[in-house]
2 protein chains.
Amino acid sequence: MNNKPAPAISWVDEEHQGVRYGLQGRVLIEEKSKYQKITVIDSVRYGKGLLLDGCWMVAEHQEKQYHECLVHPALSSAEKLSKILIIGGGDGGTARECLRYSEVHHIDMIEIDKRVVELSQQHLPSIGGKAWDDPRLHLTIQDGTSWIKNTTTNSYDVVIVDGADPLGPAEGLFNSDFFSNCQRILKPGGIFATQSESPEAFRAIHIDTVLLIRKIFDYADPLYGWVPMYPSGWWSWTFASNEQPRYKHPIPERIVEVSKKCEFWSPRWQKGAFDAIPAFVERRINK
Amino acid sequence: MNNKPAPAISWVDEEHQGVRYGLQGRVLIEEKSKYQKITVIDSVRYGKGLLLDGCWMVAEHQEKQYHECLVHPALSSAEKLSKILIIGGGDGGTARECLRYSEVHHIDMIEIDKRVVELSQQHLPSIGGKAWDDPRLHLTIQDGTSWIKNTTTNSYDVVIVDGADPLGPAEGLFNSDFFSNCQRILKPGGIFATQSESPEAFRAIHIDTVLLIRKIFDYADPLYGWVPMYPSGWWSWTFASNEQPRYKHPIPERIVEVSKKCEFWSPRWQKGAFDAIPAFVERRINK
């Protein structure tokens, strides 16, 4: 007999610069890992959700607009898809979207915090889905910034950075050394993709990130979308490649393969989202 | 001597379906008008802000992405701009954006609640700006749905609906009778524009509104943008016209006239935002 009472319903908020976004729900887990505070809640509106150091990361019914937008512009367009690298992505959603492509043979996923993976597998199994059991997925628990330094040049078709804000453990994912290593390990015809913060709530970081990636790759462009639980709800991802802006040209066969299962992403949406640069950002990045 | 203490800083939240969005600030005014509860706060992050019946309407430093996106796709593209109708818009921001165009000779603004206008003029003067003193602006305090029934056919170049959610006083702004009257009073070559809720937080209302407007006008299309303080932050506006989707083709001279002062809107942004239809909406509206 289990007499433990269910946790009470309360508000769990992320506060950022005098603004808060909260979900009503029951806190299931609150623990401190080696790297960060991890909270798992069961929310009324979006199913189970995860916070790291008090910042919303993901929820079961509010994650596709993040993962589809990070993955599909890169994977629908890269020249080849044999070998993919994911830095971060501990909830499994990015791997799940990558594994939709039959051309993907091998994914390396480098996540710093094994508790994020374990708690996601236990409490948010719908996000990773079958990805966790797919033999193509190879998980390594390690700091991505140190891992990438020792990785062979020209070894991945797509490199995806799916990390948290550049404070705390993800700080090293937003600098010139790191982006240069990403560029170095990409094969010719490859595409680099990273979440690149909010043009509203993290305006300076967003613009600096786009400009920095443009210094390292021949082409780089931000794409704008919506993740309600992230500060301001207005989010961006930045894609980069050499020789041509390859990420702007999805390959028709791949569109057919993945688009029917997408809730947000479509080639039309992607084209619009690359164009939908707010005037205040365009003045800074397209001078 | 004024010994009245400043109101304490607290959180002011809008709650919607188990989600809340809050701004930290001081509550300056809380009163009940004939139609609704009106709250004015001085927020830490976005300056002074206004809530109606507990729902965020506007704040000084978070309003341009709403007003620019509602006004410019319509006014940059309508055949003529001599006479404009605004239903709602009591904070003055929509009128301010319309008055940027030198071709605008006359604006009728029909706002149901005179306290919204008075409190906006008093506490949020930067939003209406010089619009309140512009002789081209003619304000009538009346219910827009009854006013529009008695308006002459073919009398406006642009009709803009800038109302609240379809609950409470704005309920009549989301039905077939009302949209038919908007169509009737538009001149040939005119454009109709309305805010059309969130495809995320008000999914059914959003889709139904787009489909309803399409039954009444030859062409109608939603445009997607970001208003962080509205539920989910993901907002839409819908534009309609007869004979051709005129709202998709801004007139070059007008772009030159207004775009330099825009923080969010640009022709490129607009083109992208019309394309950035999420797949789940496109399946419903573009069958």
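A crossing of two helices is left-handed if the near helix is turned anticlockwise from the far one by less than a right angle, and right-handed if clockwise. Helices (H or I, at least four residues) and strands (E, at least two) are DSSP runs, numbered from the N terminus. The model is predicted: local features need pLDDT of at least 70, side-chain atom pairs count only at pLDDT 80 or more, and totals for chains, interfaces and linings use all residues. Residues are numbered from 1 along each chain as its sequence is written, while chains are lettered from A and ligands numbered from 1 in the order in which they are written.

**Helix packing in chain A**

The crossing of H6(A) and H7(A) is right-handed. Axes here are lines fitted to C-alpha atoms, for helices over the stretch in contact, and angles run from 0 to 180 degrees between N-to-C directions. H6(A) and helix H7 (residues 203-216) of chain A pack with their axes 10 Å apart, at an angle of about 45°. That angle makes H6(A) oblique to H7(A); angles under 35 degrees count as roughly parallel, over 145 as roughly antiparallel, 65 to 115 as roughly perpendicular and the rest as oblique. Two residues are in contact if their C-beta atoms, placed from the backbone, lie within 7 Å. On the H6(A) side the contact is made by Ser176(A), Phe179(A), Ser180(A) and Gln183(A), and on the H7(A) side by Leu212(A), Ile213(A) and Ile216(A).

**The sheet of chain A**

Two strands pair if DSSP finds at least two bridges between them. Chain A holds an open sheet of 7 strands with mixed pairing, in the order E8-E7-E6-E9-E10-E12-E11. Strand E8 (137-141) and strand E11 (219-226) of chain A are the edge strands, each pairing on one side only. From one strand to the next the twist averages 15°.

Strand E6 (residues 83-88) of chain A is largely enclosed by the rest of the structure, because 5 of its 6 residues are buried. A residue is buried if 20 or more other C-beta atoms lie within 10 Å of its own, exposed if 12 or fewer, and partly exposed in between, with C-beta atoms placed from the backbone. Two pairings of the sheet are set out below.

| Strand pair | Sense | Bridges | Residues opposite each other |
|---|---|---|---|
| E6(A) and E7(A) | parallel | 5 bridges | Ile86(A) and Met109(A) |
| E11(A) and E12(A) | antiparallel | 8 bridges | Gly225(A) and Trp235(A) |

Helix H1 (residues 64-75) of chain A lies across E9, E10, E11 and E12 of chain A, and runs at about 160° to E9(A). Helix H6 (residues 176-185) of chain A also packs on the sheet, where it touches E9 and E10 of chain A; its direction makes about 145° with that of E10(A).

**Two loops**

The loop between E11 and E12 of chain A contains Ser232(A). Most residues other than glycine have a negative phi. Ser232(A), however, has a positive phi near 80°. Ser232(A) is buried, with 25 other C-beta atoms within 10 Å. In chain B, Ser232(B) likewise has a positive phi of about 80°.

Thr153(A), in the loop between helix H5 (144-149) and E9 of chain A, is exposed, with 10 other C-beta atoms within 10 Å. Not counting residues up to four places away in sequence, Thr153(A) touches Arg184(A) and Ile185(A). Thr153(A) and Cys182(A) lie 9.2 Å apart in space, C-alpha to C-alpha, and 29 residues apart in sequence.

**The contact between the chains**

Copies are superposed by least squares on the C-alpha atoms of residues with pLDDT of at least 70 in both. A turn of 180° and a shift of 0.0 Å along the axis lay chain A on chain B with an RMSD of 0.0 Å. The two copies are thus related as by a two-fold rotation axis. Of the residues of chain A, Gly272(A) comes closest to this axis, at 1.8 Å (C-alpha). Both copies use the same surface, as 100% of the contact residues of chain A recur in chain B.

Each side is specified by count: 36 residues from chain A and 36 residues from chain B. Strand E2 (19-32), H9 and H10 of chain A are the elements that give two or more residues to the side of chain A that touches chain B. H9(A) supplies the largest share of that side, 7 residues.

The buried residues of H9(A) are Trp269(A), Gln270(A), Gly272(A), Ala273(A), Phe274(A) and Asp275(A). Their cover includes H1 and E11 of chain A together with H9 and helix H10 (279-285) of chain B.
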